Amino acid sequence: MLGDFQIAAAIMAVAVRRVGGRKARLLGAYVVCWEAASAAHEGPHVFTIEDYWKHWKCSRSTAFRDQALFREVFPDYETPSDLMQLLRISKAAPSTLPGFS
């Protein structure tokens, strides 16, 4: 199983390679904020982008812009939750997972 540092390093390495340092930093912030908000989410439904922008009180357009960047870097994953779940349970190196090559 991967530790939090290994997960963050893997995500950032892919992001820097695909979109450069500035956008990678924005993506890293989005993933961390998504995970924090989804952990605090208390609803009967799956955490969504609407829940994200309501939780952080950001504009709808900012939330969708952040989501678009995430999907540009990781097109195999719908949300950061999908990506993080796979990374947390994986025993393989991140480079072997979909979207990390």
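**Figure 1. Salt bridges across the predicted model.** The structure holds 3 salt bridges, and this is a predicted model, so please read each pairing in that light. Side chains of opposite charge can pair when their charged atoms come close. One of the bridges joins Arg88 and Glu35, another joins Glu50 and Lys54, and Glu78 pairs with Arg71. Taking the charges of the protein together, there are 12 positive and 10 negative ones, and their mean positions lie 7 Å apart.

**Figure 2. A close-up of Arg88 and Glu35.** What distance separates the closest N and O atoms of Arg88 and Glu35? They are 3.1 Å apart. Arg88 belongs to helix H5 (residues 80-89) and Glu35 to helix H2 (residues 21-40), so this salt bridge ties together parts that are 53 residues apart in sequence. As you look at the two partners, compare their surroundings. Arg88 is partly exposed, at a relative accessible area of 36%, whereas Glu35 counts as buried, with 16% relative accessibility; the cut-off for buried is under 20%.

**Figure 3. A salt bridge within helix H3.** Here the side chains of Glu50 and Lys54 meet, with 2.7 Å from N to O. Both residues sit in helix H3 (residues 49-56), 4 residues apart, which places about one helical turn between them. An α-helix has 3.6 residues a turn, so residues three or four places apart point the same way. Glu50 itself is partly exposed, with a relative accessible area of 36%.

**Figure 4. The buried side of H3 and the residue that follows the helix.** Which residues of H3 are buried? They are Ile49, Asp51, Tyr52 and Trp53. These buried residues pack against H2 and against helix H4 (60-73). Just after H3 comes Lys57, with a positive phi near 55 degrees. Lys57 has this positive phi although it is not a glycine. You will find Lys57 in the loop between H3 and H4. Is Lys57 buried or exposed? With a relative accessibility of 73%, Lys57 counts as exposed.

**Figure 5. Gln67 in helix H4.** Gln67 has its place in helix H4. Its relative accessible area is 7%, and Gln67 is buried. What does Gln67 touch, once residues up to four places away in sequence are set aside? Its contacts are Tyr30 and Ile49. Ile49 is one of the buried residues of H3, so it may be familiar from the view in Figure 4, where the buried residues of H3 pack against H2 and H4.

**Figure 6. Thr79 and the salt bridge of Glu78.** Thr79 is found in the loop between H4 and H5. Thr79 is buried, at a relative accessible area of 14%. Leaving out neighbours within four places in sequence, Thr79 is in contact with Trp34 and Phe70. This view also takes in Glu78, which forms a salt bridge with Arg71. The closest N and O atoms of Glu78 and Arg71 are 2.7 Å apart. Arg71 counts as partly exposed, with 31% relative accessibility.

**Figure 7. Met12 in helix H1.** Met12 is found in helix H1 (residues 4-19). Met12 is partly exposed, with a relative accessible area of 29%. Which residues does Met12 contact, leaving aside its neighbours within four places in sequence? They are Ala24, Arg25 and Gly28. Ser95 is worth finding too: Met12 and Ser95 are 83 residues apart along the chain, and their C-alpha atoms are separated by 12 Å.

**Figure 8. Stepping back to the whole fold.** The protein has 5 helices and 0 strands, and its elements run α-α-α-α-α from the N terminus on. Its radius of gyration is 13 Å, close to the 13 Å that the globule rule gives for 101 residues, so the protein is as compact as a globular protein of that length. Along its principal axes, the C-alpha trace spans about 35 × 30 × 20 Å. Buried residues make up 38% of the 101 residues. Among contacts with a separation of 6 or more, 49% come from residues 24 or more positions apart. The protein exposes about 6000 Å², of which carbon and sulfur atoms supply 59%.

Key:
Residues numbered from 1 in each chain as written. Predicted model: local features only at pLDDT ≥ 70, side-chain atom pairs only at ≥ 80, totals over all residues. Heavy atoms only, no water. Helix = DSSP H or I, 4+ residues; strand = E, 2+ residues; numbered from the N terminus. Rg over C-alpha atoms; globule rule 2.2 N^0.38 Å. Buried < 20%, exposed > 50% of the residue type's maximum accessible area, 1.4 Å probe, protein only. Contact = heavy atoms within 4.5 Å. Areas by Shrake-Rupley, 256 points an atom, 1.4 Å probe, with all protein chains shown as cover. Lys, Arg positive; Asp, Glu negative; His and termini not counted. Charge placed at Lys NZ, Arg CZ, Asp CG, Glu CD. Salt bridge = Lys/Arg side-chain N within 4 Å of Asp/Glu carboxyl O.
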